[in-house]
Amino acid sequence: MKPFVVCAFLLLKVTLGNACASGKFTESGECCSLCPPGFEVKVECGKEDTTCAPCPEGTFSSSEDLGSCLPCAKCPHSIPTFSPCSATQNTQCECDNDYFFLSSYSLCAPCSKCTRGEGVVRQCGPMGDTVCATCGPGTFSEAARSTDPCHPCTQCSENEVEIRSCLPQSDTVCMEKKLHILSRPGQTDAPRWPSVEVVTEDGKTSPAPGTTDLTTQEESSNSNILVYVSVLAAVVLGLLIYVAYKCWRSCKQKKALSKARAAELGTSPEGEKLQSDSGVFLDSYSLQDNQPSKGNMRDKQDSRLYTNLPPQRQEEVERLLQEGSGRGWRHLGAALGYEPEQLDLFGRGEAPAHTLLSNWAQKEGSTLGLLCSALARIERPDIVTALNCPVQGVSVV
């Protein structure tokens with residue numbers, strides 16, 4: 001009798017496995033309960049069911065699970081709090097439009113955009129980044145970077161025929177059932193001359209002037225098709241040549257950048273060692289942040305805050321950093337102490353220089369003296385001049 005009970009228990013466990021949300025069972029065969037939002041596991045499921053306890057102060061749990069509560073995030077300096085942390089929801093910070101609060105780095109990061117074939121399920125905002133999903137049957141999205149949901153597919157009318165069905169990446173392609181460029185003219189479309197044959201001197205016959213020659217019409221139609229195919233082939237060939245040129249140019253720029261970085265690392269043994277150990281590129285100028293300057297010492301540093309600059313001056317600095325000449329916003333971010341992962345997040349937006357300086361200006365001690373010193377280390381005297389920094393306030397390394 002006992003083996004029968006064990007087999008029945010195992011069969012019941014396998015049958016109810018898909019219906020059990022936690023996927024775990026007690027020794028008696030009951031499904032382990034999940035802790036609701038705002039609670040965490042106090043005693044794990046085993047002999048008895050799961051025992052839950054409320055989240056301690058300063059922590060939260062926003063979904064049903066079998067884990068512990070997470071610590072609440074804190075909004076950075078000068079970023080207002082949209083909603084405080086509660087037992088069921090993390091802190092929400094009020095970032096600018098097209099930005100969301102990334103709690104793991106405690107900064108406002110640019111919103112993601114859905115790729116082709118995907119639509120927005122949840123808009124980017126205080127609740128987090130954009131949530132995308134693949135377009136389902138009957139919907140599509142052709143945009144490479146979109147913030148809209150999937151669009152409904154087009155339905156062909158009665159006078160059209162469907163030549164390609166709707167796909168997640170493209171809409172339905174319809175064509176009229178009667179196209180003049182493809183249809184052969186009927187016998188009643190144009191007046192026909194009487195069929196008269198003319199006998200030539202060599203004994204051959206030919207149609208009289210003005211009579212309809214079906215063979216000539218077919219040859220003309222075939223000639224038009226060849227012209228269309230030739231034009232299409234030329235367009236495809238041009239696109240292939242353009243793509244090959246862009247790839248070649250990109251590879252050439254990457255090789256030049258690699259040589260420049262290798263040359264910079266060659267002048268700094270510490271930078272070369274760090275690159276070989278961790279695989280992370282460190283600019284030789286960023287290694288000198290904690291070293292004493294060998295040039296003119298900082299006799300006087302500009303203590304004005306960057307946020308107090310006029311908007312026109314800030315836009316000028318962002319434009320100079322965004323342009324391709326010289327070292328740009330990534331080098332400045334490294335000199336200001338940002339990690340490569342954070343700089344990659346800034347690079348996802350349309351104005352990474354504005355994102356970098358806006359985030360840095362929210363930190364304490366974001367003075368023009370520190371900014372000018374970092375610009376001097378990355379060899380951008382043009383931006384230092386635009387900021388009107390005092391010469392004695394910039395250390396030359």
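User: How do I read the accessibility class of a residue, and which class does Tyr245 get?

Analyst: Start with the cut-offs. Buried means under 20% relative accessible area, exposed means over 50%, and partly exposed lies in between. Tyr245 has 42% relative accessibility, so Tyr245 counts as partly exposed. Keep in mind that this is a predicted model.

User: What partner does Tyr245 have in an aromatic pair?

Analyst: The structure holds three aromatic pairs. One of them joins Tyr245 and Trp248. The ring centres are 6.1 Å apart, and the planes meet at 35°, which makes the pair tilted.

User: Why are these two positions suited to sit on one side of a helix?

Analyst: General idea: an α-helix has 3.6 residues a turn, so residues three or four places apart point the same way. The case here: Tyr245 and Trp248 are three residues apart in helix α2, so about one helical turn separates them.

User: Which residues make a nonpolar surface patch?

Analyst: Val227, Tyr228, Val231, Val235 and Leu239 make one of about 490 Å². Of these, Val231 is found in helix α2, which covers residues 214-266.

User: Is helix α7 mostly covered or mostly open?

Analyst: Count its buried residues. Helix α7 spans residues 352-361, and eight of its ten residues are buried, so by the under 20% cut-off the helix is mostly covered. Among the buried ones are Leu356, Leu357 and Trp360.

User: What covers the buried residues of α7?

Analyst: The cover includes two strands, β7 (99-102) and β8 (107-110). It also includes helices α4 (311-322), α5 (329-335), α6 (340-347) and α8 (368-377).

User: How far apart are Glu315 and His354, in sequence and in space?

Analyst: Compare the two separations. Glu315 and His354 are 39 residues apart in sequence, while their C-alpha atoms lie 8.1 Å apart. Glu315 is found in helix α4. Its relative accessible area is 53%, so Glu315 is exposed.

User: Where does Gln155 lie, and is Gln155 buried or exposed?

Analyst: Gln155 lies in the loop between β12 (151-152) and β13 (160-164). With a relative accessible area of 67%, Gln155 is exposed. Gln155 and Cys174 are 19 residues apart in sequence and 8.4 Å apart in space, C-alpha to C-alpha.

User: Which residues does the "repeat: TNFR-Cys" annotation cover?

Analyst: This label comes from an unreviewed UniProt entry. The entry places it on residues 19-52, 54-93, 94-132 and 134-174. In the model, residues 19-52 are 0% helix and 21% strand, with end C-alpha atoms 21 Å apart. Residues 54-93 are 0% helix and 25% strand, and their end C-alpha atoms lie 24 Å apart.

Notes
Residues are numbered from 1 along each chain as its sequence is written. This is a predicted model: local features need pLDDT of at least 70, side-chain atom pairs count only at pLDDT 80 or more; totals for chains, interfaces and linings use all residues. Side-chain values use heavy atoms; hydrogens and water are left out. UniProt positions are given in the numbering used here, feature names are shortened, and annotations may be inferred rather than shown by experiment. Helices (H or I, at least four residues) and strands (E, at least two) are DSSP runs, numbered from the N terminus. Buried means under 20% relative accessible area, exposed over 50%, partly exposed in between (1.4 Å probe, protein chains only). Contact means heavy atoms within 4.5 Å. Patches are made of residues with over 30% relative accessible area and no salt bridge: like charges are joined within 9 Å, nonpolar side chains (Val, Leu, Ile, Met, Phe, Trp, Tyr) within 5 Å. Accessible areas come from the Shrake-Rupley method with a 1.4 Å probe; for residues, only the protein chains shown count as cover. A salt bridge is a side-chain nitrogen of Lys or Arg within 4 Å of a carboxyl oxygen of Asp or Glu. Rings of Phe, Tyr and Trp (its six-membered ring) pair if their centres lie within 6.5 Å; planes under 30 degrees apart count as stacked, over 60 as edge-to-face and the rest as tilted.
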